[in-house]
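Open the model in your viewer and show it as a cartoon. We will start wide, then zoom in on one element.

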Amino acid sequence: MRVHLGSDHAGLELKDHLTTWLVDHDYEVVDHGPFVYDALDDYPVFCLRAGEGVAADRAEGLDSLGVVIGGSGNGEQIAANKVTGIRCALVWSEETAVLAREHNDANVVSVGGRMHSLEDMTRFVEVFLATPFPGDERHVRRIGQVAVYDETRELPDLPESALRGFAPSDPADA
């Protein structure tokens with residue numbers, strides 16, 4: 001499997017550690033940077049490239065996932081999620097890493113380099129990479145609703161249960 005990496009200065013140490021760990025565990029690594037410490041670097045430069053790499057690989061049918069890393073992981077997740085076809089999840093535990101794959105079919109994971117130990121973050125990534133998406137119908141349906149919204153900007157229909165007792169303020173909504 002190919003793994004695309006991107007970070008900022010706050011994630012550089014983990015990214016460098018993960019590069020070695022991934023190679024040692026027979027993953028193909030594509031490192032989108034940064035390659036040197038620069039306290040003023042901007043995470044979108046690197047995280048958007050990691051997301052684009054995953055999206056391009058998947059469009060070609062290649063088995064590919066991504067990891068983006070920053071101080072908290074929040075901005076990196078936001079940036080990666082701007083790439084069409086990317087579902088990036090912020091993880092902070094083994095359980096959230098599993099759920100990112102099993103429930104959301106996340107193809108990129110974001111971790112906070114200042115939030116956890118190197119060992120914990122490595123384990124979160126390991127769990128994420130090893131967890132398959134089982135393809136349960138309810139999760140496929142939900143992922144599909146988000147994908148359709150991304151393309152059309154049309155909200156999905158409300159379920160009947162949400163409409164009970166609904167009194168629209170605009171008669172045109174009735």
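First, a term for later: two residues are in contact when they have heavy atoms within 4.5 Å of each other.

This is a predicted model: local features need pLDDT of at least 70, side-chain atom pairs count only at pLDDT 80 or more, and totals for chains, interfaces and linings use all residues. Residues are numbered from 1 along each chain as its sequence is written, and side-chain values use heavy atoms, with hydrogens and water left out.

**Whole chain.** Colour by secondary structure. You will find 7 helices and 5 strands. Both are DSSP runs, numbered from the N terminus: helices are H or I, at least four residues, and strands are E, at least two. From the N terminus, the order is β-α-β-α-β-α-β-α-β-α-α-α. The C-alpha trace spans about 60 × 35 × 30 Å along its principal axes.

**Helix 2.** Select residues 43-59. At 1.5 Å times one less than the number of residues, these 17 residues should span 24 Å; the end C-alpha atoms are 24 Å apart, so the two agree.

**Its buried side.** Show Phe46, Cys47, Ala50, Gly51, Gly53, Val54 and Asp57, the buried residues of helix 2. Because they cover an arc of only 150° around the axis, they lie on the same side of helix 2. The arc uses directions from the helix axis to the C-beta atoms. Buried means under 20% relative accessible area (1.4 Å probe, protein chains only).

**What covers it?** Add strand 1 (2-7), strand 3 (64-70), helix 3 (74-81) and strand 5 (108-112); the cover over these buried residues includes them.

**Last stop.** Click Gly61, just after helix 2: its phi is positive, about 80°.

Notes:
Buried < 20%, exposed > 50% of the residue type's maximum accessible area, 1.4 Å probe, protein only.
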